Amino acid sequence: MNESRNFSASQIIFEDNHLMVINKKVGQLVQGDKTGDFSLLELIKDFIKKRDQKPGNVFLGLVHRIDRPTSGLVIYAKTSKALSRLTQMVKNREIKKTYWAVVPKEMIPQSQRLIHFLQKNEKTNKATVFPKPTPGAKESILNYQVIKVLDNFQLLEVDLETGRHHQIRAQLSKIRVPIKGDLKYGSARSNPDGGIHLHARKLEFVHPVTKEHLEIIAPVPENDSVWKACE
């Protein structure tokens with residue numbers, strides 16, 4: 001994951017005075033964690049400081065997270081006003097998130113609404129999936145449809161109704177189509193870059209300040225033949 005320490009301007013998919021939407025690479029951390037590795041939050045602050053020649057500290061707030069082995073869209077707020085409004089919008093589920101997931105070519109319904117109950121295990125950093133309400137488990141809902149069939153895989157478009165820890169990874173694993181490369185949730189083998197074939201493809205929301213309707217789409221990771229076949 002050698003690219004995880006770099007940030008380039010080409011990763012900026014949308015930017016104005018209030019917010020910035022980034023196309024995260026596999027392996028990049030959205031914010032600092034116990035590994036102590038460089039995070040996008042620090043890298044982008046540094047990038048803005050140099051690019052805009054800012055003398056003082058740069059304000060940048062993370063609005064939502066995606067997992068380290070995942071690629072795709074992440075929103076950062078450039079003002080405290082935008083951060084508080086966007087954070088509230090996430091809570092109110094006013095930001096529509098669509099993911100692409102590459103899974104094995106198993107027989108599954110063409111489209112389906114999955115409802116499970118997920119419980120996060122802090123020690124293993126993994127979600128356990130239950131079919132019915134269970135103490136300590138949170139209701140988790142997603143909708144998927146098969147949008148492309150490849151030689152050995154199929155591409156699912158996934159719309160989240162809830163945002164739980166490892167939700168897509170855990171729920172797809174439960175229906176026996178673990179995401180390509182996701183060893184933690186039952187994939188047969190890892191990917192060379194240590195990532196998984198889960199990509200935060202699209203975000204739709206109303207701009208917290210200008211009230212403009214935004215639909216932002218992230219290109220799939222470059223130099224990956226499976227992703228290229230999907231797009």
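How many bridges join E5 to E10, and in which sense do the two strands run? There are six of them, and E5 and E10 run antiparallel. This is a predicted model, and two topics are worth a look here: strand E10 with its partners, and the largest pocket.

**Strand E10 and its partners**

- E10 covers residues 198-206, and because seven of its nine residues are buried, the rest of the structure largely encloses this strand.
- On the E5 side of the story, Trp100 sits opposite His199 in E10.
- E10 also pairs with strand E4 (residues 71-77), this time in the parallel sense and over two bridges. Here Gly72 is the residue that stands opposite Ala200 in E10.
- Then there's strand E11 (residues 213-217), which runs antiparallel to E10 and is joined to it by five bridges. In this pairing, Val206 faces His213 in E11.
- E10 and E11 form a hairpin with six residues between the strands, and Lys211 takes a positive phi near 65° in that hairpin.

**The largest pocket**

- The largest pocket holds about 1500 Å³ of space.
- Its lining takes in 46 residues, and the closest to the pocket centre are Arg65, Ile66, Asp67, His165 and His166.
- Helix H2 (80-91), strand E5 (96-104) and helix H3 (167-174) are the elements that each give two or more residues to this lining. So E5 turns up in both topics: it lines the pocket, and it is joined to E10.
- Sorted by class, the lining has 17 polar, 16 charged and 13 nonpolar residues.

Technical notes:
Residues are numbered from 1 along each chain as its sequence is written. This is a predicted model: local features need pLDDT of at least 70, side-chain atom pairs count only at pLDDT 80 or more; totals for chains, interfaces and linings use all residues. Side-chain values use heavy atoms; hydrogens and water are left out. On a 1 Å grid over the protein atoms alone, a cavity is a set of points where a 1.4 Å probe fits but cannot get out, and a pocket is an open set with protein on both sides within 12 Å along at least five of seven lines; lining residues have an atom within 4 Å of a point. Grid points are joined across faces, edges and corners, and a volume is the space filled by probe spheres set on the points. Helices (H or I, at least four residues) and strands (E, at least two) are DSSP runs, numbered from the N terminus. Ala, Val, Leu, Ile, Met, Phe, Trp, Tyr, Cys and Pro count as nonpolar, Asp, Glu, Lys and Arg as charged, and the others, Gly among them, as polar. Buried means under 20% relative accessible area, exposed over 50%, partly exposed in between (1.4 Å probe, protein chains only). Two strands pair if DSSP finds at least two bridges between them.
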